[in-house]
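This briefing sets out how selected strands and helices of the structure are arranged and which residues bring them together. Please read it alongside the sequence and the structure shown here.

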Amino acid sequence: GKEQEDVVVPTSGGRYDVHLRTRQRVAVYWEEEVAEVRRCTWFYKGDKDNKFIPYSESFSEELEEAYMIAVTLGEWKKKLESPNREVIILHNPKLMVHYHPVASSDDWVSTPTEQGRPRTVKRGVENIAVEIPNGEPLQIDHLVFVVHGIGPACDIRFRSIVQCVNDFRNVSLSMLQAHFRKAQEQQQVGRVEFLPVNWHSSLHSTGVDVDLERITLPSINRLRHFINDTILDVFFYNSSTYCQTIVDTVASEMNRLHRLFLQRNPQFKGGVSIAGHSLGSLILFDLLTNQKADPEEDEHCAQESRTTSSMGGIEEVKEILKKLELSEYCDVFEKEKMDRQALFLCTEKNLKEMGIPLGPRMKILHYISSKTETKVCFLHGLCSCHHITSHSIPLTQGPLYCLTNVNIPLSQVSANYPQLNYKPTIFFAFGSPIGMFLTVRGVKRIDPNYSLPTCKGFFNIYHPFDPVAYRIEPMIVPDLEFEPMLLPHHKGRKRMHLELKEGLTRMSVDLKNNLLGSLRVAWQSFTRSPVPALEAASAEAEAEAEAGTEKQPDTKPEEPPAAVKEEPPLINVGKLNGGNRIDYVLQEKPIESFNEYLFALQGHLCYWESEDTVLLVLKEIYQTQGITLDQPLPGSQ
């Protein structure tokens, strides 16, 4: 009795708990209104309803009691009145109907009647055509935390982050069944759990909304309220005061969710990844750049750098001397085993002892001093940031770095960035403005050797019409122009309208080349003097020109596709994603290609239900476990 009444049953993949005694469903990982749970025995369904709806348990007991009396005594056509003053008539075991009362505000005529189209009443769940889902796989292979962007709404339907992540999770389950069927049959694959991380409510519960309300103008009230609740989140994050609140909330919430998840899933042995949409991706990027690597990893990196410097450091010094037009002293520095680090530690006395004359000595010392003034340390070592106002630090050009004397990233707002309790496997950024914010903060270039301290994977995924998204790879390889990786369609082909567009582009190039060639020949023949002796030669020239113009379209249009196919493996985009490509662009839908401005907002909010985005996330996650798609998609890396 009592022990059974207090039973708690986890449902919906363990994200909700159902308390049987109180008949309530409670969310586990986030705040949500408690939902009612009913033990269903009696149902009704209207003409326009597509499913049976259960009566309350108390009224179901009344119906059951009346039904049993009618069956026992054989007395039918019983009338019952529901709590809403509606009439239910039990004609016989196979015919039971539910009538609406006449809707009227007059108490004299509001008595229940049998007018209107009745609802069908049913006892039990037999023969109810309803698809009861089988539920989600019990095995969880990987955990992904998803951080939202600006505002409380995350998509075009103004839904919360919880609802959008639910869609993302549902799409992932369908993609697993479609593209990892073999691994599922071999029980190698279960599912990936996605949990939302909400920071907006914590930020706006600090009292800032009250302060904003006092200074907000009364006109266009709804627009101003939308701006205060949504757009201003960007400015809040660029304020050191509220930036601290945001990063603390995101980090503490992810740590809390991680601990709670492990408590509820003690058998979980998989990895953890993080994903951010819009501003959420920038918050995660700043957090990840300020994580501390393990001492073992630091020692490994230091040993690696020592090995690298011993091999290439002397050659680097030779390049410096060559730049200073002092190549004749290379042998002296090589004899003393001077690498770049040793060179920057040299004093005038050391150079004099090496036998370097005064003139070259002054050149070398001037070079050392100019570089020491802007000496930098990469973000890999930027873990202990101090509270220093960002405007007091001058912006310098170069890769992601900070001045060594203050040890604070130039590319970030001054804040004390918390540490995560785990090392993320991959960082996914959806519709991300990271590249734009780094540029605005004064970062000109990301060093190719830079990687996030605790996260080795980084994917920047965006829709081509997303007005908020920016690329990352051109900041690593600024001197080379190349296209982002095109995300393959989840059904294994390029969208038809894109293939048609490419075909039309090739055809237009062919027509243009042929037309220009024909016009050129016609103009030459028009301006040429009519000398009989030259007619044969002109005919040959025309034939050669026509042949040239015919050959030109055959070679030129084919060059771009060949370059596209061969280019991606040859591009070195640094270590930010372990040497792999970073920027991935979605294929726009046919209707979106008609007007890119019209679908710009939709382009920024499309990721939650994008099968192509979800499939890339699953592919990269399971690739770390050695599990691949049933069939590789064309164009995928």
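The points below cover a parallel sheet, the helices packed on that sheet, two helix pairs, one buried threonine and an antiparallel set of strands. The model is predicted. In it, seven strands form an open sheet with parallel pairing, in the order β12-β11-β13-β16-β17-β19-β18.

**The parallel sheet**

- The edges of the sheet are β12 and β18 (485–486), each of which pairs on one side only.
- Strand β11 (residues 140–147) runs parallel to β12 and is joined to it by seven bridges. Within this pairing, Val-144 has Phe-194 of β12 as its bridge partner.
- Strand β17 (residues 457–462) and strand β19 (residues 583–585) also run parallel, joined by three bridges. Here Asp-583 in β19 is the bridge partner of Asn-460.
- The helix α9 packs on the sheet and touches β11, β13 (271–277), β16 (426–430) and β17. The direction of α9 makes about 135 degrees with that of β13.
- The helix α21 likewise packs on the sheet, where it touches β11, β12, β13, β16, β17 and β19. Its direction makes about 170 degrees with that of β16.

**The edge strand β12**

- Strand β12 (residues 191–197) is mostly covered, with seven of its seven residues buried.
- In a regular strand, side chains alternate between the two faces of the sheet.
- In β12, Arg-191, Glu-193, Leu-195 and Val-197 point one way, while Val-192, Phe-194 and Pro-196 point the other way; all are buried.

**Helices α3 and α21**

- Helix α3 (residues 161–179) packs against helix α21 (residues 611–623) at an angle of about 65 degrees, and their axes lie 9 Å apart. Angles of 65 to 115 degrees count as roughly perpendicular, so α3 is roughly perpendicular to α21.
- The crossing of α3 past α21 is right-handed.
- From α3, the contact involves Phe-168, Val-171, Ser-172, Met-175, Leu-176 and His-179. From α21, it involves Glu-611, Thr-613, Val-614, Leu-615, Val-617, Leu-618 and Tyr-622.
- By class, this contact of α3 with α21 holds nine nonpolar, three polar and one charged residues.

**Thr-613 in α21**

- Thr-613 lies in helix α21. Its relative accessibility is 0%, and therefore Thr-613 counts as buried.
- Leaving aside residues up to four places away in sequence, Thr-613 touches Phe-168, Phe-430, Ile-461, Leu-586 and Tyr-607.

**Helices α8 and α9**

- Helix α8 (residues 240–264) and helix α9 (residues 279–289) pack with their axes 10 Å apart, at an angle of about 80 degrees. This angle makes α8 roughly perpendicular to α9.
- On the α8 side, Ile-246, Val-247, Val-250, Ala-251 and Met-254 meet Ile-283, Leu-284 and Leu-287 of α9.
- The contact of α8 with α9 has eight nonpolar, no polar and no charged residues.

**Antiparallel pairing at β10**

- Strand β5 (residues 42–45) pairs with strand β10 (residues 119–123) in the antiparallel sense over four bridges. Phe-43 stands opposite Lys-122 in β10.
- Strand β9 (residues 95–99) pairs with β10 in the antiparallel sense too, over two bridges. In β10, Arg-119 is the residue that stands opposite His-98.

Note on methods. Residues are numbered from 1 along each chain as its sequence is written. This is a predicted model: local features need pLDDT of at least 70, side-chain atom pairs count only at pLDDT 80 or more; totals for chains, interfaces and linings use all residues. Side-chain values use heavy atoms; hydrogens and water are left out. Axes are lines fitted to C-alpha atoms, for helices over the stretch in contact, and angles run from 0 to 180 degrees between N-to-C directions. Angles under 35 degrees count as roughly parallel, over 145 as roughly antiparallel, 65 to 115 as roughly perpendicular and the rest as oblique. A crossing is left-handed if the near helix is turned anticlockwise from the far one by less than a right angle, and right-handed if clockwise. Contact means heavy atoms within 4.5 Å. Ala, Val, Leu, Ile, Met, Phe, Trp, Tyr, Cys and Pro count as nonpolar, Asp, Glu, Lys and Arg as charged, and the others, Gly among them, as polar. Two strands pair if DSSP finds at least two bridges between them. Buried means under 20% relative accessible area, exposed over 50%, partly exposed in between (1.4 Å probe, protein chains only).
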